[in-house]
Amino acid sequence: MKCEANALLDERREQVHRTGQGPIDIACNRDSLAGAVSQRACVFCGSRVVLYPIADALHLVHGPVGCAVYTWDIRGALSSGPELHRLSFTTDLQETDVIFGGEKKLEAALDELIDRHGPQAAFVYSTCIVGLIGDDLEAVCRRMEEKKGIPVIPVQSEGFKGNKREGYNAACKAMFRLVGSGDTSNVSKVAVNILGDFNLAGEIWIIREYLERMGVEVVANITGDGRVEDIRRCHGAALNVVQCSGATLDLAKMMEEEYGIPYIRVSYLGIEDMADSLYAIADHFSEIDPDITRRTSELVKDELDVLLPGLKDFRKDLEGKKAAIYVGGAFKAFSLIKAFRHLGMQVVMVGSQTGTEEDYRELEAITDPGTIIVDDSNPLELSAFIKEKDVDVFVGGVKERPIAFKLGVGFCDHNHERKEALEGFVGMYNFAREIHASVMSPVWKYVPRREARNA
Ligand code: SF4
């Protein structure tokens, strides 16, 4: 507990809980504490990571060049076609623009970029400085939409106006302006939209292949390997299948209200959650397609026949090792805890940037006594928790990686920068292989902090 005493600011104590130590009453969904150096990104970054994988749209950051560089190709999301999303455009606002306004510069940038790249739509992101000087994004976008004949959509994502979750909401509102404008006449009755997967390493192609084997059509990927035209007609689907608790749930709720399309929450990580997700989709369509459940069972059985023998060898080495998890949305953490159990490992710390009370209650219910649960953490706290629990591997994103390596523990990137698919049944095998390689690497025994333990 000494580590925690040094690292945890008094104002942050309500955002940390230990499983089994009294009823969970964790404070969450708050603005980050000033000076605590939160792991969270800003509102603008939240909206950028959601919209960016739409590959045939122009993404223009109205603000200083730094905002654009910070989010340039941030997810590395793969596309099966156009790759316009990977270019980072900005109006590069300067001092004179701040004094006299940046609307003319924005209009000129849109004019030139739309002519040069011929996108299917343009998203224009508002940043902190635009919020301060008060440029009228709506008016500029409306004018350019009329002039160019494509949707030009403002994203109200001023960085300072809240936490990352508000960026997700701004992205959903922007996409919702596209929904409903496309032709749905040839959409089948057994059709879904995939929400909340960003195709970082080709995962959406794995999931689409499963759905194809089940006989389910996918209307739109929202947003991994996404296309504007698909989003315009996605109101023709009968079901929204939502992964990732924060990022696209708001869009699913808007579509339910406006078009009566129900949604289910799923996870493609780990064995049980992947299978449960496919069965939940099959259940939804079982009345109009009575054979879908049989096809789904066959698919799951075939995949498990390949996967389970492959996991055994990894488990032999990993049994009893300890893991820490820090992710953006808490939903991913549920699946990771179960995935680690399949490898014989114990999760001793779990946290998220944007979890809700419900998420944290569920985390408490599925974790072992003494597990640290933390909301909106920072490097100092995470380092203290990792040292206190003496973990063997830390699962997180780009900002967590240096924490792990400085402390001399294994790391698994489960976020933007990964290059290997970790979803689906094949993803579970990749995850196990990566965890095994990282935990069992001989390099950790030369880390001074851990030498004493290994002596
Ligand atoms: S929008 Fe604001 S907080 Fe976000 S990167 Fe730009 S300046 Fe920084």
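**Close-up views of a three-domain chain**

**Figure 1. Meet the whole chain and its domains.** The protein chain is divided into domain 1 (2-30 + 311-454), domain 2 (43-176) and domain 3 (191-303). Notice that domain 1 is written as two stretches, 2-30 and 311-454. Keep in mind as you look around that this is a predicted model. Counting its secondary structure gives 19 helices and 14 strands. The chain has a radius of gyration of 23 Å, close to the 23 Å from the globule rule for 455 residues, so it is as compact as a globular protein of that length. Along the principal axes, the C-alpha trace spans about 70 × 60 × 40 Å.

**Figure 2. Here is the place where domain 1 meets domain 3.** Taken over C-alpha atoms, the centres of domain 1 and domain 3 are separated by 28 Å. How many residues of each domain are in contact with the other? On the domain 1 side there are 25, and they touch 20 residues of domain 3. Two helices, α14 (331-342) and α18 (424-439), are the elements that each give two or more residues to this side of domain 1. The largest share, eight residues, comes from α14. Sorted by class, the side of domain 1 that touches domain 3 holds ten nonpolar, eight polar and seven charged residues.

**Figure 3. Now zoom in on the ligand and its surroundings.** Which residues surround the ligand? They are Cys42, Phe44, Cys45, Gly63, Cys67, Tyr70, Thr127, Cys128 and Gly159. The elements giving two or more residues to this shell are α2 (43-51) and α3 (65-70). By class, the shell has six nonpolar residues and three polar ones, with no charged residues.

**Figure 4. This view follows an open sheet of four strands.** Read across the sheet, the strands come in the order β3-β2-β4-β5, and their pairing is parallel. Which strands sit at the edges? They are β3 (89-90) and β5 (152-155), each of which pairs on one side only. Strand β4 (residues 121-126) pairs with β5 in the parallel sense, over four bridges. To find one residue pair, look for Phe123, whose bridge partner in β5 is Ile153.

**Figure 5. Two helices, α5 and α7, join the picture.** Helix α5 (residues 103-117) lies across β2 (57-62), β3, β4 and β5, and runs at about 160° to β2. Helix α7 (residues 137-148) also packs on the sheet, where it touches β2, β4 and β5. The direction of α7 makes about 165° with that of β5.

Technical notes:
Residues are numbered from 1 along each chain as its sequence is written. This is a predicted model: local features need pLDDT of at least 70, side-chain atom pairs count only at pLDDT 80 or more; totals for chains, interfaces and linings use all residues. A residue is near a molecule or strand if its C-beta atom, placed from the backbone, lies within 6 Å of it. Ala, Val, Leu, Ile, Met, Phe, Trp, Tyr, Cys and Pro count as nonpolar, Asp, Glu, Lys and Arg as charged, and the others, Gly among them, as polar. Domain bounds come from an automatic or database domain assignment. Two residues are in contact if their C-beta atoms, placed from the backbone, lie within 7 Å. Two strands pair if DSSP finds at least two bridges between them. Axes are lines fitted to C-alpha atoms, for helices over the stretch in contact, and angles run from 0 to 180 degrees between N-to-C directions. The radius of gyration is taken over C-alpha atoms; the globule rule is 2.2 Å times the number of residues to the power 0.38.
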